[in-house]
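Reader: Before I rely on any of the labels attached to this model, I would like to see how each one follows from its value. Could we go through them one at a time?

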Amino acid sequence: MCKLKNTAALSPKILIDSIENQKMAQVTPLKAEILLATRVQEMVLHGKDPPQPYKCREAESTKTDSPPLAEIPTIDLSQISSPHSHAQAELGRLKSALCSWGSFQAVGHGISSSFLNEMRQVAREFFEQPMEEKARYAKGVTEMEGYGADPVPEEGQPLDWQDRLFLDVYPHDKRNPKFWPEKPASFRRLLEECTEKMRVVIEVVSKAMANSLNIEENCFLNAFGERATLQARFNYYSRSQFPDLVLGIKSHADGSGYTFILQDDVEGLQVLKNDCWYTVPVNPQAILVLMGDQMEIMTNGIFKSPVHRVLTNSERERISIAVFYTPEPGKEIGPVDGLVDEDGNVLYKKMKDYGTIHWDYYQKGLRAIHLAQI
Ligand SMILES: O=C(O)CCC(=O)C(=O)O
C-alpha cells in the first residue's frame, strides 16, 4: 500500500526530487530569489496560491491513503543512567531503535514539560509578530543564519512551504547576536537556557549510544570534539490549502551528527523506512532524537540516518524546533574504534566538514552519504 512508485528517487545516490520539478522550473515565471522576499506566512495571510517554484512533485504522493504511524520507540533516559538491571534492557531498546528507525522519542531527559511548552510558545510568538519586526532579523538570500527561508536551492529544486529562524547557538563565540530576536522579550533567555539544557542531554545521549554498542563511553563525545556546534532552527509551517502540491520541508537526511526535534501537537513529520512513509506521532513531552549522516558514518552504518520530510496541514499551522549537534569544524570523523570488526570491515571513509558537503548536495536534491561510503 505504501510502497513508493519511484524508490530510486530516494536512494542515497540519486535525486531526491523528481525530474518533473526540473520541468516545472523551466516555466517558472519568477526567480526564486525574488519569491523568497515574500514569506510563506504573508502569502497565506493574503490568500495567495503557492507560486510554481514551491510546487513539489513529491507532495502528490501525500494524498494517497492515510500513512501509518511510525512505531518509533520511546526511551526513558533516566532509566539508562540508573544502576538498575533494566538500564541494560533500555540500552538494548535504544540500540534497536537507532538500527531500525534511526531515531527514538526521548523522555526522562530532565527538561520539564513547562520549559518545553515555553520554548514552543516563544517560537509561536516570534512568528506571529508583524513582518516588520521579524524582518529585523532577515537573512540575505545566500546566508544560512537569520529569519526567512533557506538559501535558494539549485534550479529545479522546490522551495519549502515554511518560514524559519536559524541560529548558531554554541559555542558562544559563534553566536551572531544581530539575528537573536529581542522580541518576544523572553526569547534570548529561553534559547540560552535551552542550549545549556540540550548540552546536558547531549552528554547523556552520546554516552548511552556508546554504551548500547559496548564501546568506550566517551567515544562519540570525543569524536565530536569540544567545539562541536549546536544550531537551532525554529520552523513555522503555515496552513496550506494545497497539501498535495507543497511540502513543509522536502525529503532529506540530516548532515548533522544527530538532531533533536521538539514537535508541537500537530502531526506533519514523516520518516522513510523500507520505502514507506510513516508519520511520526506527536508527544509534546518527548524530544525526538534523530541520527544524522555523521552518526551513520561514525557507527560504521550500524545506526541509520533516516530520510524525513514535513507535510503541510490544511487546518492547523505547525511549530517545531530542531537543534543540530555537529562535530567541530575541521575535525576528521570516521567509523569509531570498536565498530570495525576483526576482519576490518569498514564501510565508510574518514571525512572532514561533512556538513558543508552535505549542504551542497542537499541544494541539488541529493544526499552526500555515498561520498563517505567505501
Ligand atoms: O519540523 C520537523 O518536525 C522536522 C524539521 C526538520 O527536519 C528540519 O528542521 O531539518
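Author: Let us begin with a helix pair in this predicted model: E118, M119, V122 and F126 in α6 meet F187, L190 and C194 in α8.

Reader: How do you know that these residues of α6 and α8 meet?

Author: Two residues count as in contact if their C-beta atoms, placed from the backbone, lie within 7 Å, and it is in this sense that the residues named from α6 meet those from α8. By class, this contact has six nonpolar, no polar and one charged residues.

Reader: What makes α6 oblique to α8?

Author: The axes of α6 (residues 113-127) and α8 come within 10 Å and cross at roughly 140°. Angles over 145 degrees count as roughly antiparallel and those from 65 to 115 as roughly perpendicular, and since the crossing of roughly 140° belongs to neither range, α6 is therefore called oblique to α8. The crossing in which α6 passes α8 is left-handed.

Reader: Why are α5 and α8 called roughly perpendicular to each other?

Author: The axes of α5 (residues 86-100) and α8 (residues 187-212) cross at roughly 90°, coming within 9 Å. Because angles of 65 to 115 degrees count as roughly perpendicular, that word applies to α5 and α8. Here L91, L94, K95 and L98 in α5 meet A208, M209, N211 and S212 in α8, and the residues of this contact divide into five nonpolar, two polar and one charged.

Reader: Which residues are around the ligand, and what makes a residue count as near?

Author: A residue counts if its C-beta atom, placed from the backbone, lies within 6 Å of the molecule, and the residues around the ligand are R233, N235, I249, I261, Q263, L269, H308, V310, S320 and A322. The elements giving two or more residues to this shell are β5 (229-237), β7 (258-263), β11 (308-311) and β12 (318-326). By class, the shell has five nonpolar, four polar and one charged residues.

Reader: Which residues does the annotated domain cover?

Author: The unreviewed UniProt entry carries the annotation "domain: Fe2OG dioxygenase" for residues 228-327. In the model, that span is 6% helix and 48% strand, and its end C-alpha atoms lie 5 Å apart.

Reader: How do you know which peptide bonds of the loop between β4 and α8 are cis?

Author: The bond from Y170 to P171 has omega near -5° and is cis, while a cis bond with omega about -5° also joins K183 and P184. P171 lies in the loop between β4 (163-170) and α8, as does P184. Most peptide bonds are trans.

Conventions. Residues are numbered from 1 along each chain as its sequence is written. This is a predicted model: local features need pLDDT of at least 70, side-chain atom pairs count only at pLDDT 80 or more; totals for chains, interfaces and linings use all residues. Helices (H or I, at least four residues) and strands (E, at least two) are DSSP runs, numbered from the N terminus. Ala, Val, Leu, Ile, Met, Phe, Trp, Tyr, Cys and Pro count as nonpolar, Asp, Glu, Lys and Arg as charged, and the others, Gly among them, as polar. Axes are lines fitted to C-alpha atoms, for helices over the stretch in contact, and angles run from 0 to 180 degrees between N-to-C directions. Angles under 35 degrees count as roughly parallel, over 145 as roughly antiparallel, 65 to 115 as roughly perpendicular and the rest as oblique. A crossing is left-handed if the near helix is turned anticlockwise from the far one by less than a right angle, and right-handed if clockwise. UniProt positions are given in the numbering used here, feature names are shortened, and annotations may be inferred rather than shown by experiment.
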